[in-house]
Amino acid sequence: MAEASASAFISDGSTDIVEAILSHPFITDLADGTLPKANFAHFLVQDRIYIESYSACLLMLSAKAPTPAIGEMLREHAEGAIQAESVLHDRLLTMMEVNAADVKTVPSPTTLSYTSYLLATCSLEDFLTGLVSIFPCYQIYAQVAERLSTSASPDPVYQAWLDNYAGSEYTEAVDEVRQVIDELGSQASPLQLESLRGVYTRGAQYEWSFWDAANIEEEWPREAGFTPRERR
């Protein structure tokens, strides 16, 4: 039996988290069209904030890249993410008749925690560790789109969002990063791979938290009146 690739090994430890994301009410309600628009608008605004840090991480990693080709690929991904996501967010908010200028642009507690973690990891750790830290975002969005592609959402706004991540351009970008992780990971020791697995798991946990924060329209305590959240 052939050994698993590095990317498969580091992500296989998070399959339970991915399944929890795929079955999360935010995702299932998005799929069947019942997700309240306020929750999706919250998600879009926080995602826009997230993408700025995500792109900054890609640019930091491009400067550390082991080859010029990998560095150029990551720079293209950074530029493409800002441009494509900005257009997508504006289009979806317009479809919902929401003026982007009227919504709060303050990062939620989860967004700030997630982006701070990524920025710290990509700036302070080695190239491969930084790349693995942002790979859950790449891969899990593709997995969500793939799972939901079997049945179209009755809501055109939600279907437009799904189409963006199910498209060939996005899946090609995911594959490009996966190939780099596989190539560099093939030279890593078992101990390094275990460490990378932990890094991927942390990113997957943050991905679940990001969806969950949108599902409850997470706010900072003072804005929320210091009201305890309902226990799950």
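## Overall fold

From the N terminus on, the elements of the protein follow one another as α-α-α-α-α-α-α-α-α-α-α, and the count for this predicted model is accordingly given as 11 helices and 0 strands. The radius of gyration of the protein is 18 Å, close to the 17 Å that the globule rule gives for 232 residues, so the protein is as compact as a globular protein of that length.

Along its principal axes, the C-alpha trace of the protein spans about 50 × 40 × 35 Å. Of the contacts in the protein with a separation of 6 or more, 84% are accounted for by residues that stand 24 or more positions apart.

## Surface and interior

Buried residues make up 47% of the 232 residues in the protein. The protein exposes about 11600 Å², and 54% of that area is supplied by carbon and sulfur atoms.

## How helices α8 and α9 meet

Two packed helices are described by the angle between their axes and the distance between the axes. For helix α8, which covers residues 156–166, and helix α9, which covers residues 168–185, the axes come within 5 Å and cross at roughly 45°. Because this angle lies neither under 35 degrees, where it would count as roughly parallel, nor in the range from 65 to 115, where it would count as roughly perpendicular, α8 and α9 are oblique to each other.

The contact between the two helices is made by Asn164, Tyr165 and Ala166 on the side of α8, and by Ser168, Tyr170 and Thr171 on the side of α9. Sorted by class, the contact of α8 with α9 has 3 nonpolar and 3 polar residues, and no charged residues.

## A buried residue: Ala214

Ala214 lies in helix α10, which covers residues 190–215. Its relative accessible area is 2%, and because buried means under 20%, Ala214 is buried.

Which residues is Ala214 in contact with, leaving aside its neighbours within four places in sequence? They are Phe26, Asn39, His42 and Phe43. Ala214 and Ala41 are 173 residues apart in sequence, while their C-alpha atoms are 8.6 Å apart in space.

## A partly exposed residue: Asp126

Asp126 lies in the loop between α6 (109–124) and α7 (127–148). The relative accessibility of Asp126 is 43%, and because partly exposed covers the range between 20% and 50%, Asp126 counts as partly exposed. Asp126 and Arg75 are 51 residues apart in sequence, and from C-alpha to C-alpha they are 17 Å apart in space.

Note on methods: Residues are numbered from 1 along each chain as its sequence is written. This is a predicted model: local features need pLDDT of at least 70, side-chain atom pairs count only at pLDDT 80 or more; totals for chains, interfaces and linings use all residues. Side-chain values use heavy atoms; hydrogens and water are left out. Axes are lines fitted to C-alpha atoms, for helices over the stretch in contact, and angles run from 0 to 180 degrees between N-to-C directions. Helices (H or I, at least four residues) and strands (E, at least two) are DSSP runs, numbered from the N terminus. Angles under 35 degrees count as roughly parallel, over 145 as roughly antiparallel, 65 to 115 as roughly perpendicular and the rest as oblique. Contact means heavy atoms within 4.5 Å. Ala, Val, Leu, Ile, Met, Phe, Trp, Tyr, Cys and Pro count as nonpolar, Asp, Glu, Lys and Arg as charged, and the others, Gly among them, as polar. The radius of gyration is taken over C-alpha atoms; the globule rule is 2.2 Å times the number of residues to the power 0.38. Buried means under 20% relative accessible area, exposed over 50%, partly exposed in between (1.4 Å probe, protein chains only). Accessible areas come from the Shrake-Rupley method with a 1.4 Å probe; for residues, only the protein chains shown count as cover.
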